[in-house]
Amino acid sequence: MQQSIQYKELFQLQTIHKKGILGSQVGVAVLDTGAYPHQDFNHLLSFQDYVNHRSSFYDDSGHGTHVAGIIGSRQLGAAPDCNLIILKVLNYNGEGKTSHVLQGINWVIEHKKIYNIRIMNISIGTVSKKGNPNQALLDAVNRAWDNGIVVVSAAGNQGPYPQSITTPGISHKIITVGSCDDHLMNHFSRSYSGRGPTGSCIRKPDVVAPGSRIVSCLNRRSGYVEKSGTSMATPFVSGVLALLLSNEPYLSPKQVKLRLYETSLDMGTDKNQQGWGLINPRGLLGV
């Protein structure tokens with residue numbers, strides 16, 4: 001668990017948590033491979049399964065549990081008191097149909113008020129075929145954004161070349177997250193984080209966070225596992241934004257994005273690699 005302890009210390013999340021800012025009452029929807037009811041989860045609120053149509057929490061991949069743990073597990077999560085709404089849209093191989101993702105997004109929009117869903121984490125992405133993005137997916141995340149949901153999506157692991165951001169991360173509205181430490185050795189190639197600009201000449205990602213060698217919950221009752229990718233950087237940003245919205249619940253998605261722009265730390269790299277820079281939780285929350 002040492003990597004995650006350093007992860008929290010790096011961003012001084014303990015200081016924020018000690019002030020009672022823990023993400024309480026904020027619903028975070030996680031579209032992924034599901035989530036196993038690990039002992040570190042206190043707030044698994046709802047589960048929808050579009051792959052196997054099961055009713056109980058499970059994760060036959062492990063990816064979704066890891067992502068959810070970074071957001072809201074008790075020991076490792078950025079926002080340990082947030083409510084996690086889990087939507088299984090990917091199978092055990094981490095593969096899925098666009099129709100399932102669209103169903104999940106529509107469900108989140110329809111149930112936003114019931115679960116106070118303020119954030120939707122999408123640590124998945126598709127590669128555009130012959131330069132043509134999945135327009136239905138882009139329209140869906142934009143619609144969620146317009147309905148007051150902060151959509152946070154991974155930049156993808158197709159870097160380091162330009163126009164390597166995956167869909168829906170290429171959306172001009174939503175918050176796209178890259179990895180700031182993608183030069184570290186991991187199971188991807190070095191410098192894996194997707195780079196902009198997009199095919200529409202939009203500079204992406206918007207912000208970066210650590211994504212390499214991140215420890216989070218295993219898809220078992222207990223235990224932890226290390227994973228790497230922009231899939232891991234994305235939920236950290238979602239968790240920090242849950243802290244922000246629990247502290248300032250009146251903020252709109254546009255205002256959240258502006259706050260990120262104003263407070264992220266310039267790392268001195270290309271803007272199509274780092275976006276506005278490294279997320280700065282204490283600066284974001286003003287604590």
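These are my notebook entries on what I looked up in this structure, which is a predicted model.

**Entry: cysteines**

I began with disulfides, since a disulfide is a covalent bond between the sulfur atoms of two cysteines. My search of the whole structure returned 0 disulfides. I then looked at Cys82, which is in no disulfide, and found that the nearest cysteine sulfur, that of Cys217, is 12 Å away; a disulfide would need the two sulfur atoms within 2.5 Å. I also asked whether Cys82 is buried or exposed. Its relative accessible area is 0%, so I noted Cys82 as buried, because the cut-off for buried is under 20%.

Cys201 gave me the opposite word, for its relative accessibility is 69% and it therefore counts as exposed. I placed Cys201 in the loop between E6 and E7, and I wrote down that its phi is near 65°, a positive value in a residue other than glycine.

**Entry: helix H4**

I checked the length of H4 against what a helix should give: at 1.5 Å a residue, its 13 residues should span 18 Å, and the end C-alpha atoms are indeed 18 Å apart, so the two values agree. Which residues of H4 are buried? I listed His100, Val101, Gly104, Ile105, Trp107, Val108 and Ile109. When I looked for what covers these buried residues, I found that the cover includes strand E1 (27-32), strand E2 (44-49), strand E3 (83-88), H5, E4 and H6.

Between helix H5 (112-115) and E4 there is a loop, and in that loop I found Asn116. Its phi is near 50°, which is a positive value in a residue other than glycine. With a relative accessibility of 34%, Asn116 counts as partly exposed, because that term covers what falls between 20% and 50%.

**Entry: helix H6**

I repeated the length check on helix H6 (residues 135-146), where 12 residues at 1.5 Å a residue should span 16 Å; the end C-alpha atoms are 16 Å apart, so this helix agrees with its expected span. The buried residues that I noted in H6 are Leu137, Leu138, Ala140, Val141, Asn142, Ala144 and Trp145. They pack against helix H4 (98-110), strand E4 (117-122), strand E5 (150-154), strand E6 (175-179) and helix H8 (253-263). Following the chain onward, I saw that H6 is followed by Gly148, whose phi is positive, near 90°.

**Entry: loops and cis peptide bonds**

I looked up Pro160 in the loop between E5 and E6, where the peptide bond from Gly159 to Pro160 is cis, with omega near 15°. I also looked up Pro197, which lies in the loop between E6 and E7; a cis peptide bond joins Gly196 and Pro197, and its omega is about 0°.

Ser212 sits in the loop between strand E7 (207-209) and strand E8 (214-217). Its relative accessibility is 1%, so I recorded Ser212 as buried. What lies close to the side chain of Ser212 at 2.9 Å? I found the backbone oxygen of Asp181, which is 2.9 Å from a polar atom of that side chain.

**Entry: Val237**

I turned to Val237, which lies in helix H7 and counts as buried because its relative accessibility is 0%. Leaving aside neighbours within four places in sequence, I found Val237 in contact with Val152, Val177, Val207, Ala209 and Ile279. I also compared positions along the chain: Val237 and Pro281 are 44 residues apart, while their C-alpha atoms are separated by 8.9 Å.

**Entry: the largest pocket**

Rolling a probe the size of a water molecule over the atoms shows where empty space is left. How much space lies in the largest pocket? I wrote down about 560 Å³. The elements that give two or more residues to its lining are H4 and helix H7 (230-247). I counted 34 lining residues, and those nearest the centre of the pocket are Leu90, Gly94, Ser123, Ile124 and Gly125. The largest share of the lining, 3 residues, comes from H7.

Key. Residues numbered from 1 in each chain as written. Predicted model: local features only at pLDDT ≥ 70, side-chain atom pairs only at ≥ 80, totals over all residues. Heavy atoms only, no water. Buried < 20%, exposed > 50% of the residue type's maximum accessible area, 1.4 Å probe, protein only. Helix = DSSP H or I, 4+ residues; strand = E, 2+ residues; numbered from the N terminus. Expected span 1.5 Å × (residues − 1). Contact = heavy atoms within 4.5 Å. Polar contact = N/O pair within 3.5 Å; in protein donor to acceptor, adjacent residues only side chain to side chain. 1 Å grid on protein atoms, 1.4 Å probe; cavity = no way out; pocket = protein on both sides within 12 Å on 5 of 7 lines; lining within 4 Å. Points joined across faces, edges and corners; volume = space filled by probe spheres on them.
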